[in-house]
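Colleague: Could you take a close look at the packed interior of this chain and describe in one connected answer how it is built? Please state your cut-offs as you go.

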Amino acid sequence: MWLELLAVVAAASAAPRQSTCGYEACPAVKPGMLNVHLVPHTHDDVGWLKTVDQYFYGAKNDIQRAGVQYILDSVVDELVKDPARRFIYVETAFFWRWYREQDEATKATVQTLVNEGRLEFIGGGWSMNDEACAHYNAVIDQMSLGMRTLYDNFGTCGIPRVAWQIDPFGHTKEQVNLFAQMGFDGLFFARIDYDDRKKRIEDRNMEFVWQASHDQGSDGNLFTGVLYKHYSPPPGHCYDVNCNDQPIMDDSRLKDYNVNDKVADFIEFSKNKSKAYRSSHIMMTMGDDFNYQAAHMWFKNLDKLIKYVNARQAEGETVNLLYSTPSCYLKALHDSGLTWPSYQDDFVPYASDPWAYWTGYFTSRAAQKGYIRKSNNVLQVCKQLTALFQTEDMTSHPNRVDILRNAMAINQHHDAVTGTEKQPVADDYVMRLSEGTESCQQAVNDAFSLAGLPKQSFCNQLNTSSCDVTEGHDQFVVTVYNPLPRAVGHWVRVPVTGLSATVADGDGTVVESQLSPIPEEVLRLPGRTSTATYELVFRADDLPPLGFRSYFVSVSASIAVSQHMHKAPRQAPLSNGHVTLDLDPASGRLARIRTDSADVAVNQTFMWYHGYGSDKNDPWEPQHRPTGAYVFNPVADAIPIQPKDVVILEGPLVKEIRHSFAETWVSQVTRLYTGEPYAEIEWQVGPIPTEDGVAKEVISRFTSDISSNDLFYTDSNGRQMMERQRDRRSSWPLNVTEPVSGNYYPVNSRIYIRDAASQLTVLSDRSQGGASLASGQLELMLHRRTVQDDGFGVGEPLNETAYGAGLVVRGRHWVLLSDPAEGARLHRDLAQRVFMAPQLSFSVAEDTTVEEWLSGPAPKQFTGLNALPVNVHLLTLETYKTGQLLIRLEHQYEAGEDPELSQPVEVNVQDLFTTLDITAVEEYGLSADRPLMEINRFDWNYNTTASRQGGKQEAGQRDTTADLFMVTLNPMEIHTFVADFQTL
């Protein structure tokens, strides 16, 4: 893809580049006046009410009048007419699609507009990603895709200087830390808690320096501004074809002449708004969703507004209007030399009024959230293997990796991974992931072929215990690829139809295995056509880093009793040598967890919240807003789902507790694998019944005797851990109107509670909402089905169906109990093993004996990487351009989390790979669009009381005599390299 981008650059090279973009292109301001920076903009959702394609082309305007291609056509035409005009564009997915379609003359015009700073890219991501539900790995990938596209085509003039998150429903600390590492100078957003906004306006704290990293000092700081009300224009001043405000009618001979009223109204609004900010500058967003399809309407009226407001200066008026951009506004703030307040927390959860906490979307469309997370796993494997074996033609667009890369980037959009889109749009998002996965698996197959393996098949429905290869053949080979940079063990589970099986590794050693009966609830899944009734379970040990091991499996119809599980008394504790589970003898529920370092009473159960809403679409009062795709609004506390039966099964490798419940639409299996420090809970929810007209939101609640009081901890986008306090916010006194939904936080990968003696951590396989509503308690929301729209724009209830019934969702939690001192070591290791799980592929070996397989030419194992230290993660390995790799190395621990693993660590980049010889490296910014040495961010004066760790050495101060291949990783640092290589 990337060389194709460069080809477009060459085609448009006739347009001379001038160094008048960026801050140098900013218009002059007037000292002593209130400078109002008018920012013409459009907010173009990469899918929401319509699909991405429908939005681009302007299809289905009966749903929403929106066509992105017309916006860009129209804006370019208007910018050419007046060099004073400015426009910003944000969503690179749309811009790139439009730009590729233009003729050479239009491309040259666009190049000129960009080079002169008249058309400016802001944000720069492929989409404007959500912040609550998106994992940091996916955020980095989608931002890199967009920013590299801009840099490769427009050079330094294509670099976005400002992050622009005006529509996501809350803002996280790690997202801002990532923006800082990408080289942004500032961030602006719109959505903030209604009470927080009120207090910030009163205190004039709408702009501040966000200290977004626990560990990286000023390197993690980002100047941040909150928009005054929203990202819309002032009331009465929307001049779009979709608006109903009056235009500026400036012919004084006409009866409807309104210049004086328009000018006075705008000046009054500007002065009132300025009272919330500290400088003599304010930014006025002049646009809204899919505005500027007829850009001449906007610009004609803005020209007049500027003319007539500024004419008042001759009469002593002190308001000055100018066309501007967010980066020029930011520069004006920086030039003011003011000292700014600081902030160290985050901005979740978001509430737009006392009864509208936007915490439902943390869980909405749980199946889609799980599929996005699994697709990212596939994408990372695909990028690694295609880099190690150089399978892709980088001059081809799109190559087979690009299809999934683009689909994943679109799925990070704040109406995609959030689950807040209409159902046909959700279907489109999932279809894109499916097509991308299939494309990537073809590329992976080619990589495996170059490694010497036969053609591989992939089983994409293992979540329903279905796989054609393993069910339809008595002999097959399972290849287990490990995408982590260290050796790991992995429990393999594949469906089979036989009654016994033999598993052999590449040395011919028989690997101990077990047959586990597939739960009845899975066998009855709607749409499941598999005939398998058992899952074959074995442990793939010592999987090499970025490598694979293959296993020969023979399945027989003859029963082997030793491989099968047997029932055990339900009063007996269940133990794997590290974790012991005690059950309550009366209810059969979990009663206690004992480990090597902790012993805690723990009860876990399903419950459900009755959400407000009427299936008859009855009117509602604000305090009874329907629970919906965005909002979680329960009527009362959760209702327990009573247990029905419990069966304990013991086998040689894994032991299980199978719970069924009075409500047949929930079930779970709790597993203890031999030697593992965790208990795995596989839950299944659905079809959630709504025939009674009641919205239901299903949770798993853990209640323990841990004295956590009102504190609990959740991850920020899968990285930093955030301390949460029930019924409290750090920057304003919380008015507790919603004691349940107001205490829900996004959980991307883990949530925990602790006291001095014990820590209970639960990890998830997808983004979910979580809370601790009482001391010793934590809960995670699993699945939701609502009956009425919540009134925030999507226009339909969250009512997912499949096969004529409500959607069934399956997922997993991993439960860790430990001494708090070892908590980070356990949960950070397990989180990576879950997120970057080994990938399975299969080949048929029907007419082959195990001896023939062992002596055959196919390799039985492969290692692509020399193992990294256990606290270092290989975040990215992919082909950057022909002859170049993109490599990101990450320190996985925060300072002080672990006495050993939180220490700095050195890595030699040159010695990483077994198939590639690294010959040169250059460090880049996190978004991989430009070298780190080209990044020089603004410094800001600010007040702070935070205790901070020092940041890494500034790029301009690096020791140039040091070994360029050696990198020192300090806690939570990510270093990004573009490396030249030769194939070994």
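Modeller: A nonpolar core is here a set of buried Ala, Val, Leu, Ile, Met, Phe, Trp, Tyr and Cys residues joined through side-chain atoms within 4.5 Å, where buried means under 20% relative accessible area, exposed over 50%, and partly exposed in between, with a 1.4 Å probe and protein chains only. The model is a predicted one, in which local features need pLDDT of at least 70 and side-chain atom pairs count only at pLDDT 80 or more, whereas totals for chains, interfaces and linings use all residues. Residues are numbered from 1 along each chain as its sequence is written, and side-chain values use heavy atoms, with hydrogens and water left out.

The largest nonpolar core has 177 residues, and those with the most contacts inside it are Phe95, Tyr292, Ile887, Leu889 and Phe913. Taking contact to mean heavy atoms within 4.5 Å, and leaving aside neighbours within four places in sequence, Phe913 is in contact with ten residues' worth of partners that include Leu388, Leu546, Leu865, Leu874, Leu877, Leu885, Ile887 and Ile918, and also Gly864 and Asn866. A second, separate core has 30 residues, among them Ala598, Val600, Leu672 and Leu760.

For the setting of these cores, the chain holds 18 helices and 50 strands, which are DSSP runs numbered from the N terminus (helices H or I, at least four residues; strands E, at least two). The radius of gyration, taken over C-alpha atoms, is 29 Å, close to the 30 Å that the globule rule gives for 984 residues, so the chain is as compact as a globular protein of that length; the rule itself is 2.2 Å times the number of residues to the power 0.38. Of the 984 residues, 64% count as buried, and among contacts with a separation of 6 or more, 76% are made by residues 24 or more positions apart.

Several buried residues show what such packing looks like locally. Leu178, in helix 7, counts as buried because its relative accessibility is 1%. Not counting residues up to four places away in sequence, Leu178 touches Tyr136, Val139, Ile140 and Leu926, and its C-alpha lies 8.8 Å from that of Ser927, although the two are 749 residues apart in sequence.

Phe169 lies in the loop that runs between strand 4 (162-165) and helix 7 (173-181), and with a relative accessible area of 2% it is buried as well. Apart from neighbours within four places in sequence, its contacts include Arg191, Tyr350, Trp358, Tyr361, His414, Asp415 and Tyr630, while its C-alpha is separated by 9.6 Å from that of Asp193, 24 residues away along the chain.

Ser767 is likewise a loop residue, between strand 36 (759-764) and strand 37 (768-771), and it counts as buried at 2% relative accessibility. Its contacts, with neighbours within four places left aside, are Ala132, Cys133, Phe362, Lys369, Arg373, Val747 and Asn748.

Gln390 offers a contrast: at 27% relative accessibility it counts as partly exposed, in the loop between helix 12 (366-389) and helix 13 (400-411), and its phi is near 50°, a positive value in a residue other than glycine. Of the backbone in other loops, the bond joining Val348 and Pro349 is a cis peptide bond with omega of about -5°, and Pro349 has its place between strand 11 (342-343) and strand 12 (351-353).
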